[in-house]
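Colleague: I've got a two-chain model open and I'd like to learn how to read it. Can you walk me through it feature by feature?

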Amino acid sequence: MIKRSSETGDNQPLLKIDNLQKKFGDLVVLDGIDLEVHRGEKVSIIGPSGSGKTTLLRCINYLEKPSGGHIHIDGMLIGEKQINGKYVHLSDRELAEERRGIGFVFQRFNLFPHLTALGNVTIAPQKVLGLTRDEAERRGRDMLTKVGLGHKIDEYPERLSGGQQQRVAIARVLAMQPKLMLFDEATSALDPELIGEVLRVMRQLADEGSTMVIVTHEIQFAGEVSDRVIFMDHGKIVEQGPPRDVLFNPQQPRTREFLQHIQER
Amino acid sequence: MGFWQIINEKGWYFLTSLLGGWPATVTVAVGSLVFALFIGLIIALLRLSNWRVLRILSTAYVEIFRGTPALVQLFVIYFGLPDVGLEPSPFQAAIIGLGLNGAAYMSEIYRAGIESIHRGQMEAALTLGMTPIRAMRYVVLPQALRTMLPPITSFAIVLLKDTSLVFAVGVVEIMALTRNLVTETLQSAPIYIMAGLLYLCMTIPLSRFAARLERQRQAWQ
């Protein structure tokens, strides 16, 4: 018997992570992460470099294979299936189908340089979702206009600024209409004056009710946009809660130490 | 007779005789290049596979075909296959032999080209719901092709020169006609030099094209 789903019902979280572990050799990067994110919730993850934030995100869409634990999105097991009680990894095709519902925005944009902005946004709707070229281009133009780049559809990535490239990357994800959006330090590779335009788009998506998990160093942005902030260190969730609690009244010494260090910079 | 006197009196005869082998040379070169391009891509993808068995088999292929002389491989195909019930014609043996040999070198060109594309490109494609094969087809290979064109063109030049081996399995191309002409006229140097010049007439334009592609690649990077 093949089992893919766990709970059903309106109250189930969109994202459910149970005891997630990840090791690279002997190095423990994720040490038993439990996390639930509900539909429409905005969760920011902060923490020092090496705390496992990016690895957590990459495990959610199986860019990294977890060493232990399980992930469910919308009640469906991610990256594996249960056959007669045993967990088995999915095939490439099955994994690709699951990933359609999870959007991932990279720190370094990862636009396809051989395609225009419109080409970048339409390639997946065409080749993965099977949309016709016209349908994909209509959707692509809408998404690029949404992120403020309707006038740049025919430009290649090399002709775009960093902020514009990241906005195209966000439009590329939006074109797939994902249930869950993951942002991996989406502004860290940008010049300071370009960060604002990307944060504006992310804020707009948050206001529209997208479910987002955001790894970020932009503490103020995290405070303004998030329903919940998570502080991670050494592969564990140290503290989590509403921004007013975690950012302004942290209970854990390590959280206080980290935030103090950020403020002193 | 002196060298220039021979060229003066018999040069045209030599040239028109050798040019008779030009169609066969080009046919073998183009045929084996297409073969090598196709098989080489398969070998390269097997070498990049997650399956260890496929990696081992494809690596063994490359080691064997790069580590043994092309002439030996041609002989094995032409003289060896009849022992197992297959009888390739000289042309077939030439194209298959040089094609299989060339595929080993092409696979390394493909592999280097694919690996030169940043891993983030594959990851971005995967996160958009593409399978690894679709990601390779629509994202990685189109980019890798730009960087691979100069070494592919250089490889085509080498392959063109390697067609000079296929006279050994009975193909009547430029080298075969050269040897026949030398036997007929006993004039070695002028004929071999003329044959060399014929090959140069084909390889120089390819070299210039490869150099132009290399400049374009550097500009693109």
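Colleague: Let's start with chain B. What percentage of the 221 residues in chain B is buried?

Modeller: Keep in mind that this is a predicted model. To call a residue buried, you count neighbours: 20 or more other C-beta atoms have to lie within 10 Å of its own. In chain B, 37% of the 221 residues pass that test.

Colleague: And how many helices and strands are there in chain B?

Modeller: You'll find 9 helices and 0 strands, so to speak a plain α-α-α-α-α-α-α-α-α when chain B is read along the sequence. For its extent, look along the principal axes: the C-alpha atoms fill a box of roughly 75 × 50 × 25 Å. Then check the sequence separation of the contacts. Taking those in chain B between residues at least 6 apart in sequence, 76% join residues at least 24 apart.

Colleague: Now the contact between the chains. Which elements of chain B give two or more residues to the side that touches chain A?

Modeller: Begin with the head count: chain B puts in 16 residues and chain A puts in 20. On the chain B side, the elements giving two or more are α6 (119-127) and α7 (132-162). By character, that side of chain B splits into 8 nonpolar, 6 polar and 2 charged residues.

Colleague: Let's zoom in on α6(B). Which residues are buried there, and what do they pack against?

Modeller: A general idea helps with any helix: with 3.6 residues a turn, an α-helix has residues three or four places apart pointing the same way. In α6(B), the buried ones are Ala124(B), Ala125(B), Leu126(B) and Thr127(B). The buried residues of α6(B) pack against α7 of chain B, and also against α2 (92-99) and β9 (102-105) of chain A. Following α6(B) comes Gly129(B), with a positive phi near 95 degrees.

Colleague: That brings in β9 of chain A. In what order do the strands of its sheet come?

Modeller: For a sheet, read the strand order, then look for the edges. This one is open, with 6 strands of chain A in the order β9-β10-β11-β4-β12-β13 and mixed pairing. The edges are β9 and β13 (236-241) of chain A, each pairing on one side only. From one strand to the next, the twist averages 20 degrees.

Colleague: In which sense do β4 and β12 of chain A pair?

Modeller: Parallel: β4 (residues 42-46) and β12 (residues 228-233) of chain A share 4 bridges. There, Ser44(A) sits opposite Val229(A) of β12(A).

Colleague: And which helix lies across β9 and β10 of chain A?

Modeller: Helix α5 (residues 162-174) of chain A does, running at about 170 degrees to β9(A).

Notes
Residues numbered from 1 in each chain as written. Chains lettered and ligands numbered in written order. Predicted model: local features only at pLDDT ≥ 70, side-chain atom pairs only at ≥ 80, totals over all residues. Contact = placed C-beta atoms within 7 Å. Nonpolar A, V, L, I, M, F, W, Y, C, P; charged D, E, K, R; others polar. Buried ≥ 20, exposed ≤ 12 C-beta atoms within 10 Å, placed from the backbone. Pairing = 2+ DSSP bridges. Axes fitted to C-alpha atoms, helices over the stretch in contact; angles between N-to-C directions.
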